[in-house]
4 protein chains.
Amino acid sequence: MIPYTQEHRMLQDSLRDFLNKEVVPNIDRWEKEKTCPAQLFKMMGDQGYIGVNYPSEYGGSEMDFWSAVIVMGELSYINFGGFTGSFYAHTYLPLPLINALGTEKQKQNYLKPALLGDKIAGLAITEPGAGSDVAGLKTKAEDKGDHYLVNGSKTFITNGTIGDFVVLVTRTGPKHDMTLLLVDLASSGITKNPITDKLGWHSSDTSQLFFDNVKVPKENVLGEEHKGFYYLMNNIQEERLLMAVMASYAARFAYDKTLRYVKEREAFGKRLSDLQALRHKIADMATKLEACEAITGTAIREFIENGSAATNRITKAKIYTAETAMEIINDAIQLHGGVGYIEEFGLARVWRDVRLFSIGAGSSEIMREIIGKFEIDGVVHEK
Amino acid sequence: MIPYTQEHRMLQDSLRDFLNKEVVPNIDRWEKEKTCPAQLFKMMGDQGYIGVNYPSEYGGSEMDFWSAVIVMGELSYINFGGFTGSFYAHTYLPLPLINALGTEKQKQNYLKPALLGDKIAGLAITEPGAGSDVAGLKTKAEDKGDHYLVNGSKTFITNGTIGDFVVLVTRTGPKHDMTLLLVDLASSGITKNPITDKLGWHSSDTSQLFFDNVKVPKENVLGEEHKGFYYLMNNIQEERLLMAVMASYAARFAYDKTLRYVKEREAFGKRLSDLQALRHKIADMATKLEACEAITGTAIREFIENGSAATNRITKAKIYTAETAMEIINDAIQLHGGVGYIEEFGLARVWRDVRLFSIGAGSSEIMREIIGKFEIDGVVHEK
Amino acid sequence: MIPYTQEHRMLQDSLRDFLNKEVVPNIDRWEKEKTCPAQLFKMMGDQGYIGVNYPSEYGGSEMDFWSAVIVMGELSYINFGGFTGSFYAHTYLPLPLINALGTEKQKQNYLKPALLGDKIAGLAITEPGAGSDVAGLKTKAEDKGDHYLVNGSKTFITNGTIGDFVVLVTRTGPKHDMTLLLVDLASSGITKNPITDKLGWHSSDTSQLFFDNVKVPKENVLGEEHKGFYYLMNNIQEERLLMAVMASYAARFAYDKTLRYVKEREAFGKRLSDLQALRHKIADMATKLEACEAITGTAIREFIENGSAATNRITKAKIYTAETAMEIINDAIQLHGGVGYIEEFGLARVWRDVRLFSIGAGSSEIMREIIGKFEIDGVVHEK
Amino acid sequence: MIPYTQEHRMLQDSLRDFLNKEVVPNIDRWEKEKTCPAQLFKMMGDQGYIGVNYPSEYGGSEMDFWSAVIVMGELSYINFGGFTGSFYAHTYLPLPLINALGTEKQKQNYLKPALLGDKIAGLAITEPGAGSDVAGLKTKAEDKGDHYLVNGSKTFITNGTIGDFVVLVTRTGPKHDMTLLLVDLASSGITKNPITDKLGWHSSDTSQLFFDNVKVPKENVLGEEHKGFYYLMNNIQEERLLMAVMASYAARFAYDKTLRYVKEREAFGKRLSDLQALRHKIADMATKLEACEAITGTAIREFIENGSAATNRITKAKIYTAETAMEIINDAIQLHGGVGYIEEFGLARVWRDVRLFSIGAGSSEIMREIIGKFEIDGVVHEK
Ligand SMILES: Cc1cc2nc3c(=O)[nH]c(=O)nc-3n(C[C@H](O)[C@H](O)[C@H](O)COP(=O)(O)OP(=O)(O)OC[C@H]3O[C@@H](n4cnc5c(N)ncnc54)[C@H](O)[C@@H]3O)c2cc1C
Ligand SMILES: Cc1cc2nc3c(=O)[nH]c(=O)nc-3n(C[C@H](O)[C@H](O)[C@H](O)COP(=O)(O)OP(=O)(O)OC[C@H]3O[C@@H](n4cnc5c(N)ncnc54)[C@H](O)[C@@H]3O)c2cc1C
Ligand SMILES: Cc1cc2nc3c(=O)[nH]c(=O)nc-3n(C[C@H](O)[C@H](O)[C@H](O)COP(=O)(O)OP(=O)(O)OC[C@H]3O[C@@H](n4cnc5c(N)ncnc54)[C@H](O)[C@@H]3O)c2cc1C
Ligand SMILES: Cc1cc2nc3c(=O)[nH]c(=O)nc-3n(C[C@H](O)[C@H](O)[C@H](O)COP(=O)(O)OP(=O)(O)OC[C@H]3O[C@@H](n4cnc5c(N)ncnc54)[C@H](O)[C@@H]3O)c2cc1C
């Protein structure tokens, strides 16, 4: 899928080394403890893995988008979906917004430490009463001259408790009048409530945040006031595309594991891989995986060439891979028999973790809404 | 689905009362503790819920098979898959064998206390090297005159650690030469190793059992020696049928919950249940649920009338409901959005728990093998 | 599926004899000629096959609803979907309405000759601009005192050209104000335009009908004036249920044929039925077929007991079987390889014919709308 | 999907003009007559459309493989599957073999006139007793010194009756010992029997061929004697890849047509395209279409770069598109309601025509066998 340059290969190799040494041996433990190992952000920031495709002036390496694909792909492949999700919700949710819209000062104070792993970031949109329907959110920011006063609550916020700051989406008027604020999570008036038991993403921190008269200075407004809704809608292509990447690599993890297993495991005097019904199942899994990689690769190439004009294609890649990866992983469990049901063997985890992909970053239903707008109503996104 | 008599209704009502009072309030806790609440066996035995369709002379109530359907259905509907699985692996795996094949003494010593909940039972077939392929098992029972000497190991045994005894399937000769033994789990030479982390069935005990020169007196042979394999093959119809029941009721639980949710939850200024795409999804879920209940109900009726002659139909009901229930539950999660991903709301649990049904009690692939034999090779099961 | 009585068996035997002698040998020819063999109506009327479950006073045999199931099932099983469709559109579309609503004179003039096969009937609802949306139809009947003057057009009307009369749905006021009229197709002012090339149902007559100032005497009003819409909505349960029956038997035809084929055909030195991947496919087909039969049988039983209260279940059986039968037949073609693609072997025909079932008698989307009303909005149908 | 050069655009434009002028207006007639309009070969040869990617010395234009993609894509998009199939079975089944293996004389006598449309060609592999199992074929070629004597029969041969010559696969020894012969169909001893009624491909000629002591001069051996089986296995990548192209464009035809229809058609006071359930269906169709195009485009790019090393990927593209195109087309019919069932509207045809793609050029099951060899057994194809 990836047109590797030498630089890409070097990135991949060093990242693999790092992961195998520092991360892989501890995954099972962190997962059981249901902790997000926040220290990894710093370690990854030090190695430059956060900022691969960010500007060098803020600590990035200014590589192309494929480098982000490599980072998210490799992370996804080690089957550590929770932390991968945290890393993703840090690196590719709030940071692209700051990078695109931030003032120099904001970039120095938030983007740079985030790329170095010194600060952990999140993006806080969802509320108890408004998820898919972003326009329905209620957390209010009142203009008090030099600052905003924020009241309301957010939920399901990745990195909400372990994070240092979030890009907070607030209502500053009726309907689509919203404003993005850079909010330090240590500010007074913020209460954090971690949601500890989730189906998956165990090593990720998902939290509720309550805002009670939280003061946010005006200089922390990201981009222009009142334009937050549009900023959001226009800066989620990397997010969705990288979720397709994560889904594809998670499916490949499950597939590769299964391929090894069926060649070893025996039943009825044969290797499982000699049973025709299972061979055909493997062939179908491989075909679906190829479709995931092809649809994702095609979308990435268009994104690199045409930016937001790739939105329709990216949306399709997101829904397709989220749903198809689950089918592949489900078959992977099946082919492992009882062993597939035991956490230790890792397939249970990837199945639980990937289930989120049809819900988060825009549910499959919302993807269908968007695709419908492009296909039927002829909406066109500019480059 | 069920042609309720008044007796059935009474059973259902009292069981519901019992569950709501004694069980439901504690489920979340037990699940988190990953404990099988073994004390429930005794409580349920006292109330007569274990023995509903067993002979009264051993503590049962001698009701018809629909009573078993009611018990397993109600249990399944409270979304406590782990314990339900333990109860099932006690009541409908080893006990039908003892009931069918046991001597009077065996019934007094094992069946009766098991029906009263004084002893917890299991059925131990699977080994590390032999699951689907029962004929490949290796745990050996050597004939030592008045007793057997058992060596080997079993894995994935439900109730293996909390249980008092198992029906143990042992090899007593080549190929299909196997013998069923009633083995007290307190016997010396037995080591138990609980498998703690599973995808689902958290409140069920699944264990490995190691047998090192375990002595089993000849009077503990169940049925005739060397005929174990055939006994097994001929006594799994209740087991499979009740798994179809469990799957159908688990799907109904998820469906009912979703129906309530979409009528309350709002997005984009409407109730979710006013969005046509979701209405159609609900309709599809309802249709699949109807198919689950119809195929199961039809199989039950045939089983009651024709016994083992219903095998082909039961096998189809088992594979169909196990796979279709997962589709329904998957949609249920989806329609709940982020909330579907949080354990507290219960859908995550039922999704994890039901995943086992395509693997356990004969995997879907093994079901296809069996159906193929009936359909293609014209195998016929006698009444 | 059917709880056969001796009377049922006799009906089935005699019908099979009749079909094998008079119909089966000519099917291929009729299909190629794209003719509906109208003479069969008379022959089947003579034998009593039309009126099996109609009152004896109008030529019926007053058997139970299972007899209708047998007739439609046997017809469907001989793979002659076009004529079967014509027969169905005669026997179970207009006639139940006349039977339920007709005056004695109407029954003598229309129902009786129709049951005897002396007249061919149709039901004309669909218009070029209104299919699913029955309330959108425009064909107007103006009240002229002793008669109605009809103007407008209908399309896709089965038996429109070969038929003697239709129950015509006309608009007699705004919105749901419609009136059913018994219209002789020989009336002056009616033009008929057969639609000759259809995907399937080749031996069925599907026609457009144009009404230009057609006079219909008041005595031909069926039921009360202005109530046509409600009559229609309340009298389509037999129609939908029997379509589920037709779908199930068509699937069984394809399945049985495939089972025979895979046991004979060889490839790679084996019978196809020895190839595991195909055995498993067969098992899946058999399982789906069982689900079709179970969901249909369950709906029939409820319909016999509770009449219209079975609507929800019937609707589910209709959508489920229409869609699942296509999957089964599609697999049947696949397992026949190139031969499946040749008309002579009959699978192409059944595939083409059954494709209609998700469109006609209420499309799958309309079924979902209806199921949604029951499940979500709590609509209840009285017995 | 296609990285168009100016040359590609010119080819596409001129071909579209040609098709719109000479072909499209006659398609319905040819289809009804169930004739392959053989004269089109000459017309297309004159315009250079047959030889786009063949060497100029034999009448080709020596463009790249994308030109073949354009030709097959455009043909597929006009919904004339039968002739498209004939054209394909001429241009991309036998001719690549002659181009790769032929002597100068063979190329002058067969390839050149075929590229010019002066001769129509076919590839004859399948026999009544051997389709998927090529190694099981029995048509015998006896070595008589200066010629071969051919006896046996072939079936399902596209262009068998209208064709001038075929590449005939014959048995010249046990097992995989086969020889390819260039056989003039006018040779004495050949009887042709057209198979007239097929599910689809109505405007294609599919025939049985009987060989009774047919003399074939040695100079008509294609490639080396006894190596025919391997030649076949190694020269079918273009064939399979172009079938994926045909499938993708046929699906796009159905999709585009549906998109137009739902925007015009009204029901329940709305355009169909305003109904959410249909919008989501459209989104799913569009997503599947994107996956078809992505998997095919990816395979083409790899084929152009790496030749036969792309086999695994091509095989996946073939099975994926053949099956997915049918799903898309099936939905297209559904969204058209009754109109989808009428031949005149063209969806019935594309549905019937594309059904072949999971059977011909290697069935889906055979694709799975091949993919299994690559994925599981580690078979590697050289560049
Ligand atoms: C582990 C986890 C991490 C998360 N991380 C973050 C984060 O970092 N930041 C953040 O802001 N949010 C986060 N979220 C929230 C996530 O983005 C939302 O859950 C998601 O957007 C869906 O919103 P919802 O849960 O409110 O569902 P709802 O919007 O209530 O949707 C419920 C169902 O209705 C469907 N639906 C909604 N509208 C329509 C429509 N118009 N037509 C058809 N169907 C419709 C949905 O698809 C879904 O199936 C996270 C969630 C989870 C579980
Ligand atoms: C929570 C839990 C509880 C359990 N409880 C019990 C218990 O109480 N007692 C007990 O004895 N066992 C129990 N089991 C074990 C269970 O019955 C086995 O896991 C199951 O039978 C599958 O066997 P296996 O795991 O060895 O898989 P395998 O047999 O190794 O199968 C691996 C894969 O290969 C497939 N396969 C196998 N053979 C074929 C074939 N011929 N053709 C095609 N595909 C094939 C299988 O379907 C599966 O997909 C339990 C398992 C779990 C996870
Ligand atoms: C061979 C044949 C025989 C027939 N015989 C008869 C007969 O004897 N008498 C008779 O009256 N009619 C007959 N019909 C007509 C048939 O009943 C209609 O075709 C059918 O009801 C669908 O209507 P339509 O074709 O107008 O499609 P439309 O109503 O235009 O529907 C187009 C598509 O939109 C979908 N759709 C419509 N409304 C909604 C909605 N609200 N939400 C979501 N999706 C929606 C439909 O499901 C369909 O997919 C026949 C049709 C055929 C092809
Ligand atoms: C319209 C049309 C045009 C054609 N044109 C040509 C042509 O020009 N030249 C030519 O040579 N042939 C042609 N064919 C023949 C076509 O290639 C064969 O039909 C195809 O290869 C399948 O072979 P079969 O029909 O013998 O099916 P079979 O080989 O008998 O297969 C029957 C079923 O068994 C399955 N099967 C077979 N082997 C296995 C296995 N090992 N494991 C699992 N499943 C298996 C198949 O997939 C299929 O589902 C044409 C066919 C048609 C219908």
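These entries record what I looked up about ligand 2 and about the relation between two of the chains.

**Entry 1: model and site.** I worked from a predicted model. I began with the surroundings of ligand 2 and found 27 residues around it. Those that come nearest are A:Arg265, A:Gln334, B:Ser132, B:Phe156 and B:Ser363. I noted that chains A, B and C each supply residues around ligand 2, so the site is shared between chains.

**Entry 2: polar contacts.** I then looked up polar side-chain atoms against ligand 2. For B:Ser363, such an atom lies 2.5 Å from an oxygen atom of the ligand. Nitrogen atoms of ligand 2 have partners too: a polar side-chain atom of B:Thr126 at 2.7 Å, and one of C:Gln276 at 2.8 Å. As for burial, ligand 2 exposes 970 Å² when taken alone, and the protein buries 94% of that.

**Entry 3: make-up of the shell.** I asked which elements give two or more residues to the shell around ligand 2. In chain A this is α11 (311-336); in chain B these are β1 (121-124), β3 (147-158) and α13 (364-375). With three residues, β3(B) gives the most. By class, I recorded 14 nonpolar, ten polar and three charged residues in the shell.

**Entry 4: chains B and C.** I superposed chain B on chain C: a turn of 180 degrees with a shift of 0.0 Å along the axis gives an RMSD of 0.0 Å. The two copies are therefore related as by a two-fold rotation axis. In chain B, B:Ala294 has the C-alpha nearest the axis, 2.6 Å from it. I also noted that the same surface serves both copies, as 100% of the contact residues of chain B recur in chain C.

Technical notes. Residues are numbered from 1 along each chain as its sequence is written. Chains are lettered from A and ligands numbered from 1 in the order in which they are written. This is a predicted model: local features need pLDDT of at least 70, side-chain atom pairs count only at pLDDT 80 or more; totals for chains, interfaces and linings use all residues. Side-chain values use heavy atoms; hydrogens and water are left out. A residue is near a molecule or strand if one of its heavy atoms lies within 4 Å of it. A polar contact is a pair of N or O atoms within 3.5 Å; within protein, one must be able to donate a hydrogen and the other to accept it, and residues adjacent in sequence count only if both atoms are side-chain atoms. Accessible areas come from the Shrake-Rupley method with a 1.4 Å probe; for residues, only the protein chains shown count as cover. Helices (H or I, at least four residues) and strands (E, at least two) are DSSP runs, numbered from the N terminus. Ala, Val, Leu, Ile, Met, Phe, Trp, Tyr, Cys and Pro count as nonpolar, Asp, Glu, Lys and Arg as charged, and the others, Gly among them, as polar. Copies are superposed by least squares on the C-alpha atoms of residues with pLDDT of at least 70 in both. Contact means heavy atoms within 4.5 Å.
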